[in-house]
Amino acid sequence: MSEDLQDIDTTEAANAPAPAVPELSQLLVHLLKGVLYRDDDEKLWASLLRLQARVREQAVVLLLDLVLDEAEGYAYLKSRPDPDESDAAPRLPRLIARRPLSYPVSLMLALLRKRLAEFDAGGGDTRLVLSREDIAELMRVFLPDGSNEARLIDQVDATISKVVDLGFLRKLKPAAGSTQDRGHYEVRRILKAFVDAQWLAEFDVRLEVYRTALSAGTSKGESDA
């Protein structure tokens, strides 16, 4: 009798759900809020490498996929593709919403991605850091000649803020005692996941489209004024 009870207890224990893992909860909360970078939290990154199978299982329930790049040191959750219109499966709300990008933001992301590719080809440091003036100079080339300098800087500052909010730039703290530093930014390597090699191969064509669109927008604004 005791052996039968022991067998039942063993079976029930085997079928019981795995106990909650605080690390797993912490990982999921962090990833649902944004990107996890190895350099920002090495302890949590180590937990992700150890528990990534569990994270993927939990993410699937929410129709999300885990994107993990060990070489570049980042991870994030992305929505699964929507089902085809011919598919009878119901369309569920997206947990992670898509956000349309304005031309200036798209242009800045394209220029930063190209600059990152050039930086990587140089084989130097792993962190690309650009000043506010560096970023403004990248943008200046693709704006109409004669653009008002103050207007250009205001537009660049506003676009930088949006790109920081999107997580592709990180503002660095100014050097101690510095009063002239107007801002330095690290280009986050996750940008490579959103602007892929195929996209970059069509870079020149896309930039010409951006240049035309921005020129048209500026001309319209001047004529309206």
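The points below describe the strand pairing, the nonpolar cores and a few individual residues of a predicted model.

1. Basis of the values. Because the model is predicted, local features need pLDDT of at least 70 and side-chain atom pairs count only at pLDDT 80 or more, while totals for chains, interfaces and linings use all residues. Residues are numbered from 1 along each chain as its sequence is written, and side-chain values use heavy atoms, with hydrogens and water left out.

2. The open sheet. Three strands form an open sheet in the order 4-6-5 with antiparallel pairing, where strands are DSSP runs (E, at least two residues) numbered from the N terminus and two strands pair if DSSP finds at least two bridges between them. Strand 4 and strand 5 stand at the edges with a single partner strand each, so one side of each is left without a neighbour in the sheet. Neighbouring strands of this sheet are turned against each other by 35° on average, direction ignored, the axes being lines fitted to C-alpha atoms and angles running from 0 to 180 degrees between N-to-C directions.

3. Bridges in that sheet. Strand 4 (residues 129-131) is joined to strand 6 (residues 184-187) by three bridges, and strand 5 (residues 169-171) also pairs with strand 6 over three bridges. Glu 186 of strand 6 is the bridge partner of Val 129 and also that of Arg 170, whereas Leu 169 stands opposite Val 187.

4. The hairpin. Strand 2 (residues 64-69) and strand 3 (residues 74-79) run antiparallel and are joined by six bridges, with Val 67 standing opposite Tyr 76. Four residues lie between the two strands, and Gly 73 takes a positive phi near 80° in this hairpin. The side chains of strand 2 alternate, in that Leu 64, Leu 66 and Leu 68 point to one face and are buried, while Asp 65, Val 67 and Asp 69 point to the other and are not; buried here means under 20% relative accessible area, with exposed over 50% and partly exposed in between (1.4 Å probe, protein chains only).

5. The cores. The largest nonpolar core, that is, a set of buried Ala, Val, Leu, Ile, Met, Phe, Trp, Tyr and Cys residues joined through side-chain atoms within 4.5 Å, has 32 residues, and among those with the most contacts inside it are Met 108, Leu 112, Leu 169 and Val 187. Elements that give two or more residues to this core include helix 4 (103-121), helix 6 and strand 6, helices being DSSP runs of H or I with at least four residues. Helix 4 supplies the largest share, nine residues. A second, separate core of 16 residues includes Leu 31, Leu 44, Val 55 and Ala 75.

6. Leu 112 and Leu 169. Leu 112, in helix 4, is buried with a relative accessible area of 1%. Its C-alpha atom is separated by 9.3 Å from that of Leu 169, 57 residues apart along the chain. Not counting residues up to four places away in sequence, Leu 112 touches Leu 130, Leu 138, Val 163, Leu 169, Val 187 and Leu 191, contact meaning heavy atoms within 4.5 Å.

7. Thr 159. This residue of helix 6 (residues 149-166) counts as buried at 4% relative accessibility. The side chain of Thr 159 reaches the backbone oxygen of Gln 155 at 2.8 Å. Leaving aside neighbours within four places in sequence, Thr 159 is in contact with Pro 104, Val 105 and Met 108.

Definitions and conventions. Polar contact = N/O pair within 3.5 Å; in protein donor to acceptor, adjacent residues only side chain to side chain.
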